[in-house]
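Please look over the model below. The report that follows starts inside the protein and works outward to the bound molecules, the strands and the loops.

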Amino acid sequence: MAARAVGLLASLPLCAQRSQVLRPIHRLLSCPRTVAAEIKREEQSSGSVETGSEGRTPKKTFSEVQKERREQAQRTVLIHCPNKISVKKFLKYLSQHGPINNHFFYESFGLYAVVEFCQKESVTSLQNGTRTPSMGTEAAIPFRSRVFNLKTKNPSNPTSEQSRVQCSIHAPPSSKKLLELLCCAESIDDQLNTLLKELQLTEENTKLRYLTCSLIEDIAAAYFLDCTVRPFGSSVNSFGKLGCDLDMFLDLDEIGKFSANKTSGNFLMEFQVKNVPSERMATQKILSVIGECLDHFGPGCVGVQKILNARCPLVRFSHQASGFQCDLTTNNRIALKSSELLYIYGALDSRVRALVFSIRCWARAHSLTSSIPGSWITNFSLTMMVIFFLQRRSPPILPTLDSLKTLADAEDKCVIEGHNCTFVRDLNKIKPSGNTETLELLLKEFFEYFGNFAFNKNSINIRQGREQNKPESSPLHIQNPFETSLNISKNVSQSQLQKFVELARESAWILNQEDKDRPSSSRSQPWGLAALLLPSVVNSASLAKRVRKKPASERIKSLLESIKSSGPENATCTNGKRTVSTQA
Ligand code: GTP
Ligand code: MG
């Protein structure tokens with residue numbers, strides 16, 4: 001393993017500089033009251049929630065974060081700019097519509113600016129001062145959105161102030177860069193934290209996600225006034241990685257909520273509506289029409305696919321301006337509740353996110369997960385496995401879902417479609433764990449634990465935090481935390497599970513070996529987490545050699561057996577070089 005890895009590393013500088021995420025240019029023309037808060041927000045780990053039992057500052061609830069971000073997005077516009085502009089003049093030009101709170105630039109099929117005004121009225125003012133282009137031979141559909149094109153009057157005569165602007169980065173670092181950073185870390189704990197820092201959503205990327213939902217909401221609102229488009233999944237649950245998809249759901253439940261009780265005397269007014277035979281059909285009809293709207297009128301919405309016969313009907317499309325792959329669903333409140341639960345788990349202890357990111361990255365590097373649906377394990381299932389593992393530590397690092405339910409008060413009560421989704425939402429009411437185990441130990445123990453888990457008879461259950469008899473025969477059974485009769489990993493095949501188990505055992509073995517070798521080992525080779533992210537050593541002669549030198553335990557013997565029986569597809573070596581995949 002080491003010998004092959006040297007080839008890759010030889011091309012790397014000895015110690016890499018950390019990738020510098022360019023910060024937005026000075027905030028000119030900002031609202032005075034909000035700048036300090038903004039800077040403070042940016043200083044915090046970008047795109048993340050405040051984590052760790054160590055900090056006792058009050059933590060925001062999931063709904064508070066969502067509300068704040070949503071409101072921020074509604075005051076924001078997206079502007080496609082010429083490649084070279086004078087930022088100062090650009091901001092001055094826009095500020096005629098009102099003060100600007102915040103802005104940043106990024107590249108996605110050209111240069112874009114995200115500009116957040118202090119007041120929502122400024123957006124209307126900008127829209128009122130904007131013309132619909134005349135398209136020559138083509139006809140423009142006059143749709144007034146918050147996505148604009150900025151034209152310069154004299155494009156052939158750029159001024160000296162027009163220069164390339166600094167852009168914020170919205171893509172994960174390359175595999176090579178990531179490997180360099182991991183190799184330069186001081187410890188395995190440091191490696192896990194580095195990986196988290198490099199891959200987590202940045203503040204700007206998070207803002208862009210909320211803005212994209214808000215733009216889609218504008219389109220849906222043309223039909224369903226007062227509807228809300230909410231992000232869910234990894235964009236908001238604190239486990240999102242740069243480049244992950246944007247899951248959103250069209251929430252129609254709020255419509256008419258506030259007028260519902262306005263009855264007086266003997267009268268009650270109802271909207272006349274059309275009825276369809278089932279909830280599912282209603283969902284399909286709504287998504288079908290929104291899909292059409294996105295396709296025909298949505299600026300930058302391309303590749304719209306209506307996947308209406310899926311278990312959870314959805315519209316999939318690419319939002320070109322933001323670069324996000326989007327999945328739009330409706331009637332998906334349980335998924336939003338799952339996102340809130342994961343957000344809470346991610347915020348309770350700073351080790352949770354670091355461990356989840358590393359396990360997800362490890363799984364992706366070994367093709368255990370895929371962006372294509374199939375018989376593989378999903379990131380959502382992997383996150384549940386990490387949470388379950390952390391509930392099983394002694395003392396536990398994370399509380400069970402049942403104990404979060406016990407801490408809930410009347411306001412937290414939540415029942416969706418007959419499923420009890422109640423749990424405490426105020427993070428400050430949850431006692432921090434007394435467990436002080438290092439990330440290095442937890443990583444190793446995670447692989448040990450699942451490398452030896454009785455998947456054939458036991459189910460993973462974060463509600464009770466203990467192994468339970470499997471109620472059905474799927475190879476992997478992870479109980480859906482809210483719809484408890486469902487298995488979230490029903491799709492996983494026996495061979496994929498077997499591959500997971502073998503890789504977990506192998507990774508535990510590598511970490512154990514490193515423990516023994518560490519004083520003499522050279523850090524010029526991938527070590528710790530970096531070594532685990534290289535494609536499997538299954539079939540590697542060097543592993544067999546290393547194993548032969550040591551007295552083989554029963555577990556290592558079985559590992560060698562599995563190495564012999566596994567196919568060549570596991571070794572993803574090209575020209576003697578091994579690469580590490582970090583893409584989602
Ligand atoms: P990424 O891989 O980063 O996109 O992670 P993700 O958590 O966003 O996963 P994904 O996009 O596949 O799904 C979005 C959300 O849908 C998840 O966070 C869950 O809340 C929910 N979800 C996904 N798969 C399942 C499942 O099998 N069962 C249930 N009940 N919910 C699921
Ligand atoms: Mg997702």
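The largest nonpolar core has 90 residues. Trp362, Met385, Leu443, Phe447, Phe450, Phe455 and Phe500 have the most contacts inside this core. A nonpolar core is a set of buried Ala, Val, Leu, Ile, Met, Phe, Trp, Tyr and Cys residues joined through side-chain atoms within 4.5 Å. A second, separate core has 31 residues, among them Phe104, Ile216, Ile290 and Phe324.

Take Leu443 from the largest core. Leaving out residues up to four places away in sequence, Leu443 touches Ile188, Leu192, Leu355, Ile359, Leu511, Leu529 and Leu532. Contact here means heavy atoms within 4.5 Å.

This is a predicted model, in which local features need pLDDT of at least 70 and side-chain atom pairs count only at pLDDT 80 or more, while totals for chains, interfaces and linings use all residues. Residues are numbered from 1 along each chain as its sequence is written, chains are lettered from A and ligands numbered from 1 in the order in which they are written, and side-chain values use heavy atoms, with hydrogens and water left out.

**The whole chain**

The protein chain has 18 helices and 17 strands. Both are DSSP runs numbered from the N terminus: helices are H or I with at least four residues, strands are E with at least two. Of the 584 residues in the protein chain, 50% are buried. Buried means under 20% relative accessible area, exposed means over 50%, and partly exposed lies in between (1.4 Å probe, protein chains only). Among contacts in the protein chain with a separation of 6 or more, 72% are between residues 24 or more positions apart.

**The bound molecules**

What coordinates the magnesium ion (ligand 2)? Asp245 (OD) and Asp247 (OD) do, at 2.1 Å. Donors are N, O and S atoms within 2.8 Å of the metal (3.2 Å for Na, K and Ca); water is not among the atoms, so sites may look incomplete. Asp245 is partly exposed, at 29% relative accessibility. Asp247 is buried, at 13%.

Ligand 1 has 14 residues around it. Ser234, Asp245, Asp247, Asn379 and Asn480 come nearest. A residue is near a molecule or strand if one of its heavy atoms lies within 4 Å of it. Three polar contacts, pairs of N or O atoms within 3.5 Å, can be picked out. A polar side-chain atom of Asn379 lies 2.8 Å from an oxygen atom of ligand 1. An N or O atom in the side chain of Asn480 is 2.8 Å from a nitrogen atom of ligand 1. Ile488 uses a backbone N or O atom, 3.4 Å from an oxygen atom of ligand 1.

**Two strands and their partners**

Seven of the eight residues of β3 are buried, so this strand is largely enclosed by the rest of the structure. β3 pairs with strand β4 (residues 111-117) in the antiparallel sense, over seven bridges. Strands pair if DSSP finds at least two bridges between them. Phe104 has Val114 in β4 as its bridge partner. The two strands form a hairpin with three residues between them. Phe109 sits in the turn, with a positive phi of about 50°.

Strand β7 (residues 228-232) has five of its five residues buried, so β7 is largely enclosed by the rest of the structure. In a regular strand the side chains alternate between the two faces of the sheet. Thr228, Arg230 and Phe232 point one way from β7, and Val229 and Pro231 the other way. Five bridges join β7 to strand β8 (residues 246-251), and the two run antiparallel. Val229 stands opposite Leu250 in β8.

**Residues in loops**

Is each of these loop residues buried or exposed?

| Residue | Loop between | Relative accessible area |
|---|---|---|
| His97 | α4 (87-94) and β3 (100-107) | 16%, buried |
| Phe109 | β3 and β4 | 64%, exposed |
| Asp226 | α8 (203-220) and β7 | 55%, exposed |
| Lys413 | α13 (401-406) and β12 (415-416) | 61%, exposed |

His97 is in contact with Phe117, Ser122, Ser125 and Leu126, leaving aside neighbours within four places in sequence. Asp226 has a positive phi near 70° and is not glycine. The C-alpha atoms of Lys413 and Phe423 are separated by 7.3 Å, and these residues are 10 apart along the chain. Pro395 lies in the loop between α12 (379-391) and α13. The peptide bond from Ser394 to Pro395 is cis, with omega near -10°.

Conventions:
Polar contact = N/O pair within 3.5 Å; in protein donor to acceptor, adjacent residues only side chain to side chain.
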